[in-house]
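Got a chain on the screen and a few things to ask about it? Let's go through it one question at a time.

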Amino acid sequence: MNILKLTFFLAAISIYGPLSAQTSVADLQQDFALLKREVGQLRLQVEELATENAKLAKKLRSAQSTSATNDAIDARSNAVLAEATARDEAIKKEIIAQVKKDLTSMANDMNSAMEKLAKAIGSRPQAAVKTNFSDDYPQNGIRYVIKSGDTLGKIARQNNSKIKWIQDANRISDPRGLSVGAEIFIPQE
């Protein structure tokens, strides 16, 4: 998935909220369940191969213990080994082709969904950004460094302040654009 599509996906989660995110996650979970089922089928095929290989190995051991001449045993062993190797390679190629086909299909579905999401985000009217700030806030306060997970509401509650004061004091037009590590002033009464 390219970075642009991932960015649109994350933006959609933040804009449309948990419902759209849940829908996208449900779609991804469904795709994952399908892939998991395919992997389960592949495991069964691998187990069948292992059983068949065990049978062939048993035949090989049986052939080696017979009283036939060493040349006849070698010829039979080589034939069995060549047959097993050829079957293994054919099945491996078939499995790899099927997995590649499934992954390509899933990637195409994911890209299509991301494109629809990007179009939906692009057609949604953008909210007006607050550009008028007031100087009507307490001039006393503290400096605060933004941490991961911080919101203006959380910062205001923890520091006995108000969201509007923090926005006005720091000229924050979009509260969702807080940068981790940035230092802001928190007015306090």
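**Getting oriented**

Of the 189 residues of the chain, 23% count as buried, where buried means under 20% relative accessible area, exposed over 50%, and partly exposed in between (1.4 Å probe, protein chains only). This is a predicted model, so local features need pLDDT of at least 70 and side-chain atom pairs count only at pLDDT 80 or more, while totals for chains, interfaces and linings use all residues. Residues are numbered from 1 along each chain as its sequence is written, and side-chain values use heavy atoms, with hydrogens and water left out.

Q: In what order do the elements of the chain run from the N terminus on?
A: Helices (H or I, at least four residues) and strands (E, at least two) are DSSP runs, numbered from the N terminus. The chain has 5 helices and 2 strands. Starting at the N terminus, the order is α-α-α-β-α-α-β.

Q: How many bridges join β1 and β2, and in which sense do they pair?
A: Two strands count as paired if DSSP finds at least two bridges between them. In this pair, Arg-143 stands opposite Phe-185 in β2. The count for β1 and β2 is 5 bridges, and the sense is antiparallel.

Q: How many of the 5 residues of β2 are buried?
A: β2 covers 183–187. One of its residues, Glu-183, is partly exposed, with a relative accessible area of 47%. Still, β2 is largely enclosed by the rest of the structure, because the buried residues number 4 of the 5.

Q: Which element gives the most to the largest nonpolar core?
A: A nonpolar core is a set of buried Ala, Val, Leu, Ile, Met, Phe, Trp, Tyr and Cys residues joined through side-chain atoms within 4.5 Å. The largest one here has 9 residues: Tyr-144, Ile-146, Leu-152, Ile-155, Ala-156, Ile-166, Ile-172, Ile-184 and Ile-186. Both α4 (152–158) and β2 (183–187) supply at least two residues of this core. With 3 residues, the top contributor is α4.

Q: Which residues does Leu-152 touch, not counting those up to four places away in sequence?
A: Leu-152 is one of the residues of the largest nonpolar core. A contact means heavy atoms within 4.5 Å. By that rule, Leu-152 touches Ile-163, Ile-166, Gln-167, Ile-172, Pro-175 and Leu-178.

Q: What share of the contacts with a separation of 6 or more comes from residues 24 or more positions apart?
A: This one is about contacts between residues far along the chain from each other, counted among those with a separation of 6 or more. Residues 24 or more positions apart account for 73%.

Q: How many residues apart are Glu-183 and Arg-143?
A: Their side chains meet in a salt bridge (3.2 Å, N to O), meaning a side-chain nitrogen of Lys or Arg within 4 Å of a carboxyl oxygen of Asp or Glu. Arg-143 is exposed at 54% relative accessibility. The pair links distant parts of the chain, with Glu-183 in strand β2 and Arg-143 in strand β1 (residues 141–145), and the separation is 40 residues.

Q: Is Asp-168 buried or exposed?
A: Lys-164 forms a salt bridge with Asp-168, the closest N and O atoms being 2.8 Å apart. Both lie in helix α5 (residues 163–170), 4 residues apart, about one turn of the helix. Lys-164 is partly exposed at 46%. With 1% relative accessibility, Asp-168 counts as buried.

Q: How far apart are the closest N and O atoms of Glu-89 and Lys-92?
A: Both residues lie in helix α3 (residues 70–123), 3 residues apart, about one turn of the helix. Glu-89 is partly exposed, at 37%, and Lys-92 is partly exposed as well, at 45%. They form a salt bridge, with the closest N and O atoms at 3.9 Å.

Q: Which residues are linked in a network of salt bridges?
A: The salt-bridge count comes to 6. The network links Glu-52, Glu-83 and Arg-87.

Q: What is the phi of Asn-160, roughly?
A: Most residues other than glycine have a negative phi. Asn-160 lies in the loop between α4 and α5 and is exposed, with a relative accessible area of 59%. Although Asn-160 is not a glycine, its phi is positive, at about 55°.
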